[in-house]
Amino acid sequence: MNAEPQSAHRFGQVALLGRPNVGKSTLLNALIGADLSIVSPKPQTTRHRILGIATYDNAQIAFLDTPGLHLGGKRAMNRQLNRVARQVPDEADVIVHVIAAPRWTDEDEQVWDLISRHEIPRLLVINKIDLVTEKSELLPFVSRISETRQYHGIHYLRATHGKGIKALLGDLVRHLPEAPAQYAEDELTDRSERFLAAEMIREQLMLRLSEELPYATTVEIEHFEQVGNLARIAAAIWVEREGQKAIVIGASGAQLKAIGSNARRRMEKMFGCKVFLELWVKVRENWSDDETSLRQFGYSG
């Protein structure tokens with residue numbers, strides 16, 4: 001994937017903002033060409049600000065993936081996710097507002113209210129266009145949005161298949177300031193392998209556990225050591241009640257084994273080495289509504 005030619009090198013930070021479950025993390029992965037940000041069909045999979053770096057001959061873009069800005073949800077975790085999302089536009093040179101066709105919700109309006117306060121280029125991305133059965137409805141839908149909201153560009157995407165990514169990248173580069181690259185050419189993120197390992201375990205919890213249980217779980221890496229071509233990782237999966245612990249472990253440990261096996265394969269692909277992974281499940285009552293626990297588990301800012 002190549003960025004559009006420019007007369008001078010450009011660098012900038014691009015914030016990906018939107019309500020939960022519109023495909024921001026899938027879009028980030030498509031933009032940088034790597035499975036960096038974890039993805040699941042469940043809303044609020046992303047809990048942290050994730051930086052993903054794309055480097056070209058004439059430009060470098062630091063993409064900022066964010067938790068979905070959402071209404072409701074009164075627990076400390078919900079407040080923390082919204083704080084992270086609201087802070088990110090202050091760091092950005094360009095904002096990409098991601099929505100899922102063909103709906104504009106109160107939460108989408110909340111995102112617009114946030115980004116409209118920032119005097120920087122704003123691009124609207126209509127993702128999941130494959131879900132629009134009547135394509136003739138798409139242009140009137142976008143026209144209604146743009147009547148009273150000013151965007152500097154509008155793009156139609158199917159991020160899961162890479163459709164529309166090249167045009168979006170070209171538009172983004174045009175809006176970036178002229179500046180040298182800030183990261184090494186081979187850097188993908190500013191996050192540590194320790195952080196990424198925890199996220200890959202949590203991804204499996206989101207994918208394998210049903211209904212509300214994934215939101216009662218978090219992952220803490222207790223040991224991470226790499227010697228030669230082997231990484232030894234020990235992690236605790238925290239839940240909020242004893243009954244949840246039993247579900248995560250599963251009958252004869254089958255669920256926990258599957259979570260570990262899938263996460264280990266994902267790590268080996270990302271880290272380029274063999275991984276020995278040990279998992280435990282622990283209980284801390286109502287950790288997601290406790291500010292001290294959130295800080296311990298890395299939810300801060």
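**Cores, a buried histidine and an exposed lysine**

Leaving aside residues up to four places away in sequence, Leu 27 touches Leu 16, Val 98, Val 125, Leu 157, Ala 159, Ile 165 and Leu 168. The model is a predicted one, and Leu 27 is a handy way into its interior: along with Phe 63, Ile 201, Val 248 and Met 267, Leu 27 is among the residues with the most contacts inside the largest nonpolar core, which has 57 residues. Helix α6, spanning residues 193–208, gives the most to this core, chipping in seven residues. Apart from this core lies another one, made up of 28 residues, including Val 88, Ile 115, Val 142 and Ile 145. As a rule of thumb, nonpolar side chains tend to be buried together in soluble globular proteins.

His 155 is next. This residue sits in strand β6, which covers residues 153–156. His 155 counts as buried because its relative accessibility is 10%, and the cut-off for buried is under 20%. Its side chain makes a polar contact with the side chain of Asp 171, at 2.8 Å. Beyond four places away in sequence, His 155 touches Asp 171 along with Leu 124, Val 125, Ile 126, Ala 167 and Leu 168. Val 125 and Leu 168 also turn up on the list of residues that Leu 27 touches.

Then there is Lys 269, found in helix α8 (residues 254–271). Here the relative accessibility is 70%, so Lys 269 counts as exposed, the cut-off being over 50%. From Lys 269 to Gln 87 it is 182 residues in sequence and 32 Å in space, C-alpha to C-alpha.

Key. Residues numbered from 1 in each chain as written. Predicted model: local features only at pLDDT ≥ 70, side-chain atom pairs only at ≥ 80, totals over all residues. Heavy atoms only, no water. Helix = DSSP H or I, 4+ residues; strand = E, 2+ residues; numbered from the N terminus. Buried < 20%, exposed > 50% of the residue type's maximum accessible area, 1.4 Å probe, protein only. Core = buried A, V, L, I, M, F, W, Y, C linked by side-chain atoms within 4.5 Å. Contact = heavy atoms within 4.5 Å. Polar contact = N/O pair within 3.5 Å; in protein donor to acceptor, adjacent residues only side chain to side chain.
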